[in-house]
Each structure stands twice: as structure tokens, then as C-alpha cells.
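Colleague: Could you walk me through how to read a few features of a protein model? I would like the general idea each time, and then the case at hand.

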2 protein chains.
Amino acid sequence: LPSSLNRQFRLRARPSGRIKPSDFQLVETPVPEPAAGEALVRTLYLSLDPTNRIWMSDVEQYMPPVALGEVMRGGGLGEVVASRNPAYEVGDLVTGLVGWQDFLLTDGSGMGALTKLPKGLPIALPSLLGGVGITGITAYFGLLEIGRPEPGETVVVSAAAGATGSVAGQIAKIRGCRVVGIAGGRSKCDWLTQELGFDAAVDYKAPGWQQALAAACPSGVDVDFENVGGEIMDEVLARMNLNGRVALCGMISGYNADEPMRGRFDAILMKRLTVRGFIVIDFAPRFTEAALQLAQWTLEGKLKHRETIVDGLENAPTAINRLFDGDNVGKLLVKVAEPSAR
Amino acid sequence: LPSSLNRQFRLRARPSGRIKPSDFQLVETPVPEPAAGEALVRTLYLSLDPTNRIWMSDVEQYMPPVALGEVMRGGGLGEVVASRNPAYEVGDLVTGLVGWQDFLLTDGSGMGALTKLPKGLPIALPSLLGGVGITGITAYFGLLEIGRPEPGETVVVSAAAGATGSVAGQIAKIRGCRVVGIAGGRSKCDWLTQELGFDAAVDYKAPGWQQALAAACPSGVDVDFENVGGEIMDEVLARMNLNGRVALCGMISGYNADEPMRGRFDAILMKRLTVRGFIVIDFAPRFTEAALQLAQWTLEGKLKHRETIVDGLENAPTAINRLFDGDNVGKLLVKVAEPSAR
């Protein structure tokens, strides 16, 4: 067993507005030993996602919020380092809710259920949490099952340079759509159009971006893959075509606010839109289909990924704010430990 | 030909807030004579609907707004009094966009297309505009195709004592749902529970109505048939169950406001709701199915109607405000003329 301590970030206070390091308590405990039926997993990469912020708030949501004093919930990728559970072998790579900690004991059930990854995949570990992992799977089902774009339709993606948006836009391109991304800053927009093949990208930090959005959507908008909410969603909704669809994946602009997030219902009524909120776990029985397809597109060069990797578990409480500042490209990860030689 | 003049209400100004009589110009012209291919229709009943208010505003909507100087658009029921079109015979009863006028010339095409009603129907003319007419058809498709309630689910209907809501709630009862209506005032609520068979009715004008709504929906809300918007919709959305559906039929609380109508998108996201705006004309190919079913339920006594009938075309510009004041029960109509003896 590794001899280091187990660092855990426990939720001390529910954030008001931005997340502060003082919202967590850093606790160091001995690395636990697995009891019969348990496995010990060392965290290699921690996934930082907008949903972490929701879990920290005591609002009605799709899972129970993290309780005060509990280890902060978070997805990630780890390696089994000891096992008394026949389902897990030392050296196995696993993904799931590893939490903001160096080590996790799991009996393989409930929230501790971890998915084993095949060995020797020709895809880098960070991508297995991002474009080919839960983020990519979110984009896959959100776009194809909720947005349901037809070839030739116009798809707008907000937070398009983010982990989910960048994949959703590329899948829409694969489906033959006109794809317009909304992102903050020139360099992100250039990445979308020059590297990922988006037809247009709108920099919402530039003056006149509303006009740029209109110009980029000369035939209106058929599908909105919505990650941001607020003013950006308002502008997109105002340009929706009749019978358009809104795949409501997230509304990151509102997660730090105390007020409920609102949007233009008049557009839903007048344009006969279908707005549907979703969460990827509803599609769990089909995860394999999505992961295989995403892996195949990646190997064929049709799907590109980028990660922003922050080194060290100790930086998780500050790094997560990069999501809200738009200070990341692609998937935001914390690297917690090196994998053992495979 | 009748020898009276043709009174027309033409739109003079777009209302700001409530509709005022001065928003219209009353013009009296000779009764026109049909040219070849035209029929002359005398308006018997004019249908007053929330959508009239939308048509008066220069906002993006599902049809072009009424142009200034144009005869006010309105649905209704009329009788053919002269015809040079083989599709229409003198004495035919027709429904469609007759407009706020005593007489209409139609060539049977475009917006002037009128639907002939079978003669000798055992259903009163006002009901042919209400529960068995376009309003009932709206309730039918909105509830069954957009709301899609399953037996045993809880359906909440706002403006439940109105023309559409009262029918939607009764259809939900026929489908085996628990049905909760929201209406203004004790007598409307009593009508819903004692006459129409709603399981509960919540008087939103009574203090503590939010708690009454919660108590009436002990298992949450699966389907919201939404006619009102605003604060009432907020309260219903806050009680929606996972994967609930919102049939967005209208938002009358916002039609007199200058601001876009908004609603809680956080509920859509967190509860994975499907919110869909609709308009009955999207279902035009299936109108016959709906009308026949509504007529059958009516004759079987399963579907009850009520109308609030105002006498005289001259009262249309003031009577329409009863919709916004909640000062009508069931379908609001203006009786314009007596049908000839049939």
C-alpha cells in the first residue's frame, strides 16, 4: 500500500457566490485499508465540472447536495491499488465519483460504483474523462437525443470551447449541420473555427456580439445546445426557428447567483420550441454505445479534444473557478497522481 | 341580401397594457356583394381569446400581427347569406377567422378559409366555438400530444375555469389522472370540483394559495397545462416531478406587459422537464378526430361546457378585457346576430 496520507477536501460551508478555499476543510487521514469486499482506489485525475457547483448548494437538484462535512463529490479517474473485491484488480483503471481526495474505498455499489476501463486503450487518460468520457457522452446524447438536429440545420452551442460544448459542436458537424459556437475571447473562437471545423464562432466578450450571432445564423437557429443561460441564452432563443429544440445541458452563468435561473418563455410559446433539460445519467444503459462511437471518431481524427490540466489536488478549490471565469479550454482537470507503470 | 350596414372594428393603435376602445376605429360600410368565386358570411358569434391580444402587438409571433388599419382578426362562427362560390351555400354554418365585423367576404382560401359545419348537430352553436370547437381542440391536442399524461399522474391546469383549461382538465379526468385546477375565486373553484369533476381546485386569489397548491399535489406534478405564466407558473414548476411535461398553451398574465415573459429554467434543468410551446393549427390535419371525440364526450355527458356570452358586436373591445380580469367562466363569446331559422 502507498504510505502517504489521504488528503480529503470536505465541504465546510455552502458557497455564496464564487467558490472560496475557505468553503472546504482539508483533512489528512491515514490511507484506509480495504475491508472484505472493498477496493482501494488512488485518484489520478479529478474532473472539474459546473455541476460541482450545483452539488455544493442546498437547492433542489438531480442528486442530493453534498452534505456539510462530507468529502466533496467529484468525478474522476483512478487506479486500483489494493483490492479485496473480486470485481477489481490492482492496476485496474476506473472512472466514477472518486471525490476530492487522494484515495477512495469502494465496495462497487451505489455512488461508489466505478466503471472499469479496458487496458491499453489508444486514448490518453485525460481524454477518457473528457471527450471520450462522461463529458463527451453528455454531448453525444444531449445533441443527438435531445437536440435531434437534421443535416443542414443550424446548431448553436454556447460555452462552445468548453469540455461539453466543443464535443457537441463537432458531433453536429459530423451530422452535417451548420455549427455556430459562442465562446469568450478571440483565441477560443479561432480554435473552434480553425481546429474543430465550426462554421462560425462568436466572441461574446466583443462589442456587437449579438449582431455577430445574427450574422452567423442567416437561416435562424434550429437547435440550441445550451450550457450558459442568462443573456447569451436570451439572444439565441430570440433567433430560434419554428419548432426549434433547446437541449438544456447547463446554465453556468447562473450557478453562482442566489436567484432562480430564468429564461424567455415567450420564445418557447411563440416559436413552439421544445426545451428539455437532461442529465447524462438518464442514458446510462447506452453509455457503451456513446463511448465507442466517440473513441472511433477520435481515432479517425474527426473529434478533437483539448484539456486544461492543473497539477495537484491542493489546487482543486481555486481551479474550479476557472470554469466560471471562462479561463479554461476544453476539459478542466486536476492531475492528482501519476499512474503506476502499466 | 341583408340591408344593414357592415360594422368593422379596425385596429387603430397597438395597445399599451390593457386594450382600450380607442385602440379601434369603428367603420360602417355598405354590406359588400360577393364577386364571382366569393361568398358573403354574416357573423353570428365572435370568439374572444387571449391570442387576440397577441395579434394586436407588433411582436414576433406565430402569425403576422394585425396591421394598423386592418379589420381586427378574430375567430368566430357565421352563416352564409349569399354565395357565388360553389363550395358555400346560403344557410351554411361556417367557422374560421371571420374578423370583428358583421359581414365577411371570402373566396375560401388563405386566412379566409372557413370550415363548414354539418347541419343539425345536436350541439349548441356557442359550444361549436368553445368546448367542441377550436378551444376544445386546443385542449385536446395540448393535453394528449404535448402533456401526454398517464393514468394516475397529477395534472395541474391553470386558468382552469377558462375555455381551454376547463376542457383540458376534463380530458385529463377522462384519462384517469388526478386533476388540480387553478382559478380565481371561490365560485369558479366550486364549479371545477362540483360540476366538472376536478379532484381539487386552488383559488389563487385566496391567501396561502401556494400552500393549498402543494397540499392538492401530494405526489408532485407530472403535467402542467399552462395558460397563465408568471407567478402561478413559477409555483407549479417548483412542484414538478422528474421528467415532467409542460404543455405551454399560453401565458395570459404577460400579454399586457411590455417585457418578454420569463420563467424558471432552473426547474427545467434540475427536473429534466420537457417544456413545449404549441399552437392548435399545427394539428390541423387531425381536427376532425378531435372534434368528433369532443362531440361524443359532450353527448355522453362526460364533457361539460359553459360560455360567457356578451351581446352585440359593439361590445367586443371592452368585453375582451374580461379575459385578463378573469371575469368570465368558460368560453367568452360575443353574440353578433341571430341565425336565420334553420
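Modeller: Gladly; we will take a helix, then the nonpolar core, then aromatic pairs, and finally two single residues. Keep in mind that this is a predicted model.

Colleague: Let's start with helix 5 of chain A: which of its residues are buried?

Modeller: First the general idea. An α-helix has 3.6 residues a turn, so residues three or four places apart point the same way. In this case, helix 5 of chain A covers residues 186–195, and Lys188(A), Cys189(A), Trp191(A) and Leu192(A) are buried there. Viewed down the axis of helix 5 of chain A, the buried residues fall within an arc of 155°, so they line one face of the helix. On the other side of the helix, Ser187(A) and Gln194(A) are exposed.

Colleague: What covers the buried residues of helix 5 of chain A?

Modeller: The cover includes helix 4 (163–174), strand 9 (178–183) and strand 10 (200–203) of chain A. Following helix 5 of chain A you will find Gly197(A), with a positive phi near 85°.

Colleague: Now the core. Which residues in the largest nonpolar core touch the most other members?

Modeller: Again the general idea comes first. In soluble globular proteins, nonpolar side chains tend to be buried together. Here the largest nonpolar core has 122 residues, and those touching the most other members are Trp100(A), Phe265(A), Leu46(B), Trp100(B) and Phe265(B). Take Phe265(B): setting aside residues up to four places away in sequence, its contacts include Met233(A), Leu237(A), Met251(A), Phe265(A) and Ile268(A).

Colleague: How many aromatic pairs does a search of the whole structure find?

Modeller: There are 15 over all chains. To read one, look at the distance between ring centres and the angle between planes; planes over 60 degrees apart count as edge-to-face. For Phe9(A) and Phe24(A), the centres are 6.1 Å apart and the planes at 75°, so this pair is edge-to-face. Phe9(A) belongs to strand 1 (residues 5–11) of chain A and Phe24(A) to strand 2 (residues 24–30) of chain A, so the pair ties together parts 15 residues apart in sequence. Phe9(A) is buried at 7% relative accessible area, and Phe24(A) is buried at 3%.

Colleague: And how are the rings of Phe225(A) and Phe278(A) arranged?

Modeller: Their centres are 6.3 Å apart and their planes at 70°, so that pair is edge-to-face. The pair links distant parts of the chain, 53 residues apart: Phe225(A) is in strand 11 (residues 221–226) of chain A, and Phe278(A) is in the loop between strand 14 (274–277) and helix 9 (287–299) of chain A. Both residues are buried. Rings can also form a cluster, as Tyr140(A), Phe141(A), Phe283(A) and Trp297(A) do.

Colleague: Which residue lies over the face of Trp55(A)?

Modeller: That is Arg73(A), at 5.0 Å from the ring centre. In chain B, Arg306(B) lies over the face of Trp191(B), at 5.1 Å from the ring centre.

Colleague: Let's finish with single residues. Is Thr135(A) buried or exposed?

Modeller: Start with the accessibility, then ask what the side chain meets. Thr135(A), in helix 3 (residues 134–147) of chain A, is buried at 4% relative accessibility. The side chain of Thr135(A) makes a polar contact with the side chain of Lys331(A) at 2.6 Å.

Colleague: And where does Leu105(B) lie?

Modeller: Leu105(B) lies in strand 6 (residues 103–106) of chain B, and at 29% relative accessibility Leu105(B) counts as partly exposed. Beyond its neighbours within four places in sequence, Leu105(B) contacts residues including Pro32(B), Glu38(B) and Leu40(B).

Technical notes
Residues numbered from 1 in each chain as written. Chains lettered and ligands numbered in written order. Predicted model: local features only at pLDDT ≥ 70, side-chain atom pairs only at ≥ 80, totals over all residues. Heavy atoms only, no water. Buried < 20%, exposed > 50% of the residue type's maximum accessible area, 1.4 Å probe, protein only. Helix = DSSP H or I, 4+ residues; strand = E, 2+ residues; numbered from the N terminus. Arc of directions from axis to C-beta. Contact = heavy atoms within 4.5 Å. Core = buried A, V, L, I, M, F, W, Y, C linked by side-chain atoms within 4.5 Å. Phe/Tyr/Trp six-rings, centres within 6.5 Å; stacked < 30°, edge-to-face > 60°. Lys NZ or Arg CZ within 6 Å of the ring centre and 35° of its normal. Polar contact = N/O pair within 3.5 Å; in protein donor to acceptor, adjacent residues only side chain to side chain.
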